[in-house]
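Here is a brief report on one protein chain. It covers the annotated spans, the overall fold and the nonpolar cores.

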Amino acid sequence: MNISKFLCPSAIGPLNVPDTIEVQHSGLDVNAYHQSLFGHHQVDFPFNLAKAVDKRCAEYLAGRIVARQAIEQIHGTKPQIGTHKDRSPIWPQGLVGSITHSDRVVAAAVAEQRRHRFLGIDFEHWMTVKLADELADQILDQHEKQLLCGSPMSFERGITLIFSAKESFYKAVYPHVKTFFGFDEARVVSVDIANGTFNIELLTSFGNELKQGWEITGFFNILPEGIFTYIYDNPRP
């Protein structure tokens with residue numbers, strides 16, 4: 001076991017977030033994982049991972065490590081972060097957050113609920129041309145297909161961006177609606193490659209608060225390995 005190799009410098013780079021949001025990210029080498037790392041980092045090993053493969057355990061551990069680092073910056077504490085039955089993280093009272101991980105990248109964002117209501121992040125490795133073609137009809141509606149036709153990005157990179165944008169949107173909205181919803185219930189209406197932003201809207205209504213047509217701006221960082229997207233509302237005073 002080599003503890004120093006498990007987490008390594010991240011390529012995500014600087015993010016367009018206000019100082020009311022704390023983001024921690026890291027590179028990850030799942031091949032350097034060993035279960036004893038849970039004890040080394042003082043993270044509780046969850047019972048539901050007892051039969052999980054090392055990759056899933058490594059990603060879970062790394063996600064909790066960076067999430068706790070973010071919480072410490074915001075809240076001054078280093079709590080254990082449990083998991084709800086729906087597999088979403090259990091954040092300390094008064095905080096909102098989001099975690100994303102792959103076998104090479106992990107990140108967490110945390111903010112106080114009194115300052116931000118919506119917060120979602122996602123990282124996706126670039127899709128291959130074959131995978132993008134296979135998933136296009138599941139991810140894109142007609143408007144989004146036309147959007148990509150006029151984009152300077154390749155189709156497979158464009159669909160990766162839209163997929164990730166919808167994942168970030170879902171993570172930002174789900175804590176408020178507590179209802180699973182699909183890719184066809186949100187639409188990326190615009191993408192600004194130069195500024196690294198996109199607009200995404202809700203195509204269904206959830207009660208009186210989140211109505212069909214509700215829209216929010218998201219941001220993205222293009223990386224060699226993939227794309228990092230993130231969504232948040234403007235900070236409240």
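## Annotated spans

UniProt, in an unreviewed entry, places the feature "domain: 4'-phosphopantetheinyl transferase N-terminal" at residues 49–111. The model shown is predicted. A second annotation from the unreviewed UniProt entry, "domain: 4'-phosphopantetheinyl transferase", covers residues 119–199. The table lists the computed values for both spans.

| Span | Distance between end C-alpha atoms | Helix | Strand |
|---|---|---|---|
| Residues 49–111 | 27 Å | 35% | 22% |
| Residues 119–199 | 15 Å | 52% | 21% |

## Overall fold

The chain holds 6 helices and 9 strands. Its C-alpha atoms fill a box of roughly 50 × 40 × 35 Å along the principal axes. The radius of gyration is 18 Å, which agrees with the value near 18 Å for a compact globule of 237 residues. Of these 237 residues, 48% count as buried. Among contacts with a separation of 6 or more, 55% join residues 24 or more positions apart. The exposed surface comes to about 11800 Å². Carbon and sulfur atoms supply 49% of that surface.

## Helix α3

Helix α3 spans residues 54–75 and has 22 residues. From its first C-alpha to its last it reaches 31 Å. That is close to the 32 Å expected at 1.5 Å a residue. Just after α3 comes Gly 76, with a positive phi of about 75°.

## Nonpolar cores

In soluble globular proteins, nonpolar side chains tend to be buried together. Here the largest nonpolar core has 32 residues. Which residues have the most contacts inside it? They are Ile 159, Phe 169 and Ile 200.

Two helices, α4 (129–139) and α6 (155–177), each give two or more residues to this core. Strands β6 (186–192), β7 (197–202), β8 (215–222) and β9 (226–232) do so as well. Helix α6 gives the most, with 11 residues.

Phe 169 has a long contact list, even leaving aside neighbours within four places in sequence. Its partners include the aromatic residues Phe 181 and Trp 214. Ile 200, Ile 216 and Ile 231 also touch Phe 169. The remaining partners are Ala 186, Glu 201 and Leu 202.

Apart from the largest core lies another, of 28 residues. Among its members are Val 30, Ala 32, Leu 37 and Cys 57.

Methods:
Residues numbered from 1 in each chain as written. Predicted model: local features only at pLDDT ≥ 70, side-chain atom pairs only at ≥ 80, totals over all residues. Heavy atoms only, no water. UniProt positions renumbered as here; feature names shortened; annotations may be inferred. Helix = DSSP H or I, 4+ residues; strand = E, 2+ residues; numbered from the N terminus. Core = buried A, V, L, I, M, F, W, Y, C linked by side-chain atoms within 4.5 Å. Buried < 20%, exposed > 50% of the residue type's maximum accessible area, 1.4 Å probe, protein only. Contact = heavy atoms within 4.5 Å. Expected span 1.5 Å × (residues − 1). Rg over C-alpha atoms; globule rule 2.2 N^0.38 Å. Areas by Shrake-Rupley, 256 points an atom, 1.4 Å probe, with all protein chains shown as cover.
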